[in-house]
Amino acid sequence: MDSSPIRRAVMLLIPFCAGYAQPAEKPEFEVASIKPSPPPDGRGMRVSSNGGPGTKDPGLFTCENNSLSNLVGMAYNVAYYQLSGPDWLNNTRFDITARVPEGATKEQFSLMLQNLLADRFKLVVHQETRDLQKYELVVAKNGPKFKEAAEEAPKTDQTGDRPRASGRFTLGKDGFPVLPPGMQGSVHMNGRARMYQPRMTMEALAGLVSGQVAKPVTDATGLKGKYEISLYWASANGASPQPPPPPPPGGGPAPPAAISDVDSGPTIFQAIQDQLGLRLESKKGPVDFLVVDHMEKMPTEN
């Protein structure tokens, strides 16, 4: 009996099977160390994240005093008010040092952090949509009260570093924090906040306000340029019950500090209208949520 048809069939199967390549390895850090953060010593607590793709140190990611809710929000790129889970996620903090593979993208970095949390903390999540209150940032009746940003000055060195404050921040005569000359960003002290950005988009402003009101805020001003924005407000009156996570690696507004019950001053709503000539319009609609189904309080060994 001629076996050549059988041989031909086997030969045809070989390239067909070869088409089923092994699945690509899941994105992972080259090495990662996770340690519980030391307890607060009464002198305040610095919460930070640095490095990773898109920063000056793309190969090394570090974070200090980050809560598990911070880490999950960072991994999945969701705001803290879009994360649903047990309360202890906000109080359990860790320091992480992770080596990022050369050439990794921001998207791959997010997957690496997701996989790290799944492997070491047994994180399980799912997504769902809920109808909630949210806001649109719009121009108030009399128009904006800020000016367009000045032309960006050419850099005079190779570092591009922004001025950094030295020592402790102080309060001005009005009781609000003072930003040192040349510094931009936001400072929160004793439930009061001040922010200055010389070249800010309305989209970025909406993101900052979103963190204060604990609701999604979208830019509906129609203003597409960059503007000089100065704002102060009492965060106790308009802030979230939980402080938002630190900015993702590469920069962003600083998270608010602890809130005092005795502070007074303009709410974030009043400040936006009185100082900037903008206002927040309340809406209701679908908001995406990330729900933590399971997570261990302590990671497996390094």
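Reader: How many bridges join strand E6 to strand E12?
Author: Keep in mind that this is a predicted model: local features need pLDDT of at least 70, side-chain atom pairs count only at pLDDT 80 or more, and totals for chains, interfaces and linings use all residues. Helices (H or I, at least four residues) and strands (E, at least two) are DSSP runs, numbered from the N terminus. E6 covers residues 124-139, and E12 covers residues 217-219. The two run parallel, and the number of bridges joining them is three.

Reader: And which residue of E12 stands opposite Glu136?
Author: Residues are numbered from 1 along each chain as its sequence is written, and side-chain values use heavy atoms, with hydrogens and water left out. Two strands pair if DSSP finds at least two bridges between them. Opposite Glu136 you'll find Thr218.

Reader: How many bridges join E6 to E14?
Author: Here the strands run antiparallel. Gln127 stands opposite Leu290 in E14. The bridge count for E6 and E14 is 16.

Reader: Which are the edge strands of the open sheet of four strands?
Author: Follow the order, E7-E13-E11-E10, with antiparallel pairing. An edge strand here pairs on one side only. That leads you to E7 (147-148) and E10 (185-189).

Reader: At about what angle to E11 does helix H4 run?
Author: H4 (residues 202-213) lies across E10, E11 and E13 (contact means heavy atoms within 4.5 Å). Axes are lines fitted to C-alpha atoms, for helices over the stretch in contact, and angles run from 0 to 180 degrees between N-to-C directions. H4 runs to E11 at about 165°.

Reader: Why do the buried residues of H6 sit on the same side of the helix?
Author: They are Ile268, Ala271, Ile272, Gln275 and Leu276, where buried means under 20% relative accessible area, exposed over 50%, and partly exposed in between (1.4 Å probe, protein chains only). The arc is that of the directions from the helix axis to the C-beta atoms. They share a side of H6 because they cover an arc of only 100°.

Reader: Which element gives the largest share of the largest nonpolar core?
Author: A nonpolar core is a set of buried Ala, Val, Leu, Ile, Met, Phe, Trp, Tyr and Cys residues joined through side-chain atoms within 4.5 Å. The largest one has 28 residues, with Phe29, Phe61, Val72, Leu117 and Met295 touching the most other members. Elements giving two or more residues include strand E3, helix H2 and helix H3. The largest share, six residues, comes from H3.
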